[in-house]
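This report takes up a few local features, a small sheet, a helix and the surroundings of a ligand. The sequence and the structure are shown first, and the text then works through them in turn.

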Amino acid sequence: MQSPPESPGAPQASNAAWQARSLRALWHPCTQMQRAERMPPLPISRGQGPWLFDYEGRRYFDAVSSWWVNLFGHADARIGAAIKAQLDTLEHVMLAGCTHAPAVELAERLGALTADVLGHAFFASDGASAVEIALKMSFHSWKNRGQGGKREFVCLRGGYHGETLGALAVSDVAVFRDAYDPLLMRAHLAPSPDARQAPNARAAADTAARALEQLLAERHAHIAAVILEPLVQCAAGMAMHDAAYLRAVRAACSRHGVHLIADEIAVGCGRTGTFFAFEQSAAHGQPLQAHEWPDFICLSKGISGGYLPLSLVLTRDAVYESFLDDDVARGFLHSHSYTGNPLACAAALATLDRFAHDDVLARNRAWATALTTALAPLQNDARIAHWRQRGMIWAFDVREDCAGAGFAERFHQAGRAHELLIRPIGNTIYLMPPYLLDAADAAWLGTQVRRTLDAVCPPADAPVAGGTHAA
Ligand SMILES: *Cc1c(COP(=O)(O)O)cnc(C)c1O
């Protein structure tokens, strides 16, 4: 645990100085700024691998991959080199009427990962925009086929798809949604398959699938698409479900002529153990058949390795072809200024290279086992419930009588003191580390998470029903 060397040439300002200037000039996302005065942001001067360093040389393990985007650590030499090479070649060109190798190659390679079932890529810059695109494309595609009455969307309880008005309309996380509810288009809210609701994951999946089937049977003439996060509803607090649910939803959508949008913004890019989470819906581990894929996949977050903003929507021939016409207005005229930015595409290609060359999915399986082992003492801990893991996501809920008021904030603060950057969602503690844990890191991480929990909810107090530790 030796302290890292000062980064050469960094301005010699203290953490406090950056915090004070930040609070004067910056309006931070997802933050009540009045609270930020007491809980100032962590000033980060540089990153290396899974570590972030503040301006006073203290280190923090990025246990949440900087909001789930960073896959191969910070300052990765290979991704950095790819961006630098692209920077000296072509930093940007508009993608309407122009094209370029990084965007073409990225679209081709992602299409190939779906066996070319989703062989058409539409680019944007952030996740919410990808969701907007998928919703608009679905509606417009039906309209172009003479089914303009299909204008409703179905989303799931606890689902999260971003915070622009269209994406928020199909999201169900109250803290983000409630203030804007009067502005939002109405969507159908189907039950979540969250495995925590039933004695077993399969029962929860079956119940939720039956409810969705019934809704589609009744309303399919008006419904354009179902949107969901395959396998893990992340922002809801890492709510995990059985892959059988995805199989059932795919079949129901096909039966009723409704599109299926898989929002893989958080769960894609290997996070759940396969490159696309939806691949796990295949029966008996076979590759998905053409009809078993979703109609749209949204990707963002990890696709650029966490380096640059990039998102995209992959879709099928049938959707693409429904826009082909002599009439310009039947085309998909949506656009963003930085769509298909070459630097971001170069970062994404370097990220895909890592998957191809380093056998990342297999390596992650080994590391996941090591971290699960390191966290094992928590599995039967009286303070926690619903221990769960999928690929490179671990989560558990701290019981309310242990957690008390303001738990997430207190745990985050205690994490800093234990060299962890970690942000619980409500009472759910989760880890979503970058894909470069070695055995020593995994053991260290397991220990630090347990120590942080002990600092916030002392273990001896756990069995006392009704006790609280509100700060
Ligand atoms: C983060 C996220 C989004 C939104 O992406 P932004 O880039 O933050 O707009 C959408 N869907 C899911 C599942 C996400 O996790």
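Cys253 is found in helix H10, which covers residues 243-256; the model in which it is seen is a predicted one. With a relative accessible area of 0%, Cys253 is buried, since residues under 20% are classed in that way. Between Cys253 and Ala385 there are 34 Å in space, C-alpha to C-alpha, and the two are 132 residues apart in sequence.

**Backbone angles**

Most residues other than glycine have a negative phi. Ser65, although it is not a glycine, has a positive phi of about 45°, and this residue lies in helix H3, residues 65-68. Its relative accessibility is 0%, so Ser65 counts as buried. Ala75 also has a positive phi, near 55°, and is placed in the loop between H3 and helix H4 (77-87). In contrast to a buried residue, Ala75 counts as partly exposed, at 47% relative accessibility.

**The four-stranded sheet**

Strands of a sheet pair through backbone hydrogen bonds, either parallel or antiparallel. Here an open sheet of 4 strands follows the order S1-S2-S3-S15, and its pairing is mixed. Strand S1 (44-48) and S15 stand at the edges with a single partner strand each, so that one side of each has no neighbour in the sheet. The pairings are set out below.

| Strand pair | Bridges | Direction | Residues standing opposite |
|---|---|---|---|
| S1 and S2 | 4 bridges | antiparallel | Ile44 and Asp54 |
| S2 and S3 | 3 bridges | antiparallel | Trp51 and Phe61 |
| S3 and S15 | 2 bridges | parallel | Phe61 and Leu420 |

S2 (residues 51-54) and S3 form a hairpin with 4 residues between them, and Gly57, in the turn, has a positive phi of about 85°. Strand S3, residues 59-62, is covered on both faces, with Arg59 and Phe61 buried on one side and Tyr60 and Asp62 buried on the other. Phe61 thus appears in two pairings, standing opposite Trp51 and opposite Leu420 of S15.

**Helix H16**

Helix H16 (residues 439-456) has 18 residues, and at 1.5 Å a residue these should span 26 Å, which agrees with the 26 Å between its end C-alpha atoms. At the N-terminal end, H16 is capped by Asp438, a side-chain oxygen of which lies 3.2 Å from the backbone nitrogen of Ala440. The buried residues of H16 include Asp441, Trp444, Leu445, Gln448, Val449, Leu453 and Val456.

**Surroundings of the ligand**

Which residues are around the ligand? They are Trp68, Asp126, Gly127, Ala128, Tyr160, His161, Gly162, Glu229, Asp263, Ile265, Ala266 and Lys301, and by class this shell has 5 nonpolar, 3 polar and 4 charged residues. An oxygen atom of the ligand lies 2.7 Å from a backbone N or O atom of Gly127, while a nitrogen atom of the ligand is 2.6 Å from an N or O atom in the side chain of Asp263. In the side chain of Lys301, an N or O atom is 2.6 Å from an oxygen atom of the ligand. Taken alone, the ligand exposes 380 Å², and the protein buries 82% of that area.

Note on methods: Residues are numbered from 1 along each chain as its sequence is written. This is a predicted model: local features need pLDDT of at least 70, side-chain atom pairs count only at pLDDT 80 or more; totals for chains, interfaces and linings use all residues. Side-chain values use heavy atoms; hydrogens and water are left out. A residue is near a molecule or strand if one of its heavy atoms lies within 4 Å of it. A polar contact is a pair of N or O atoms within 3.5 Å; within protein, one must be able to donate a hydrogen and the other to accept it, and residues adjacent in sequence count only if both atoms are side-chain atoms. Accessible areas come from the Shrake-Rupley method with a 1.4 Å probe; for residues, only the protein chains shown count as cover. Ala, Val, Leu, Ile, Met, Phe, Trp, Tyr, Cys and Pro count as nonpolar, Asp, Glu, Lys and Arg as charged, and the others, Gly among them, as polar. Buried means under 20% relative accessible area, exposed over 50%, partly exposed in between (1.4 Å probe, protein chains only). Two strands pair if DSSP finds at least two bridges between them. The expected span of a helix is 1.5 Å times one less than its number of residues.
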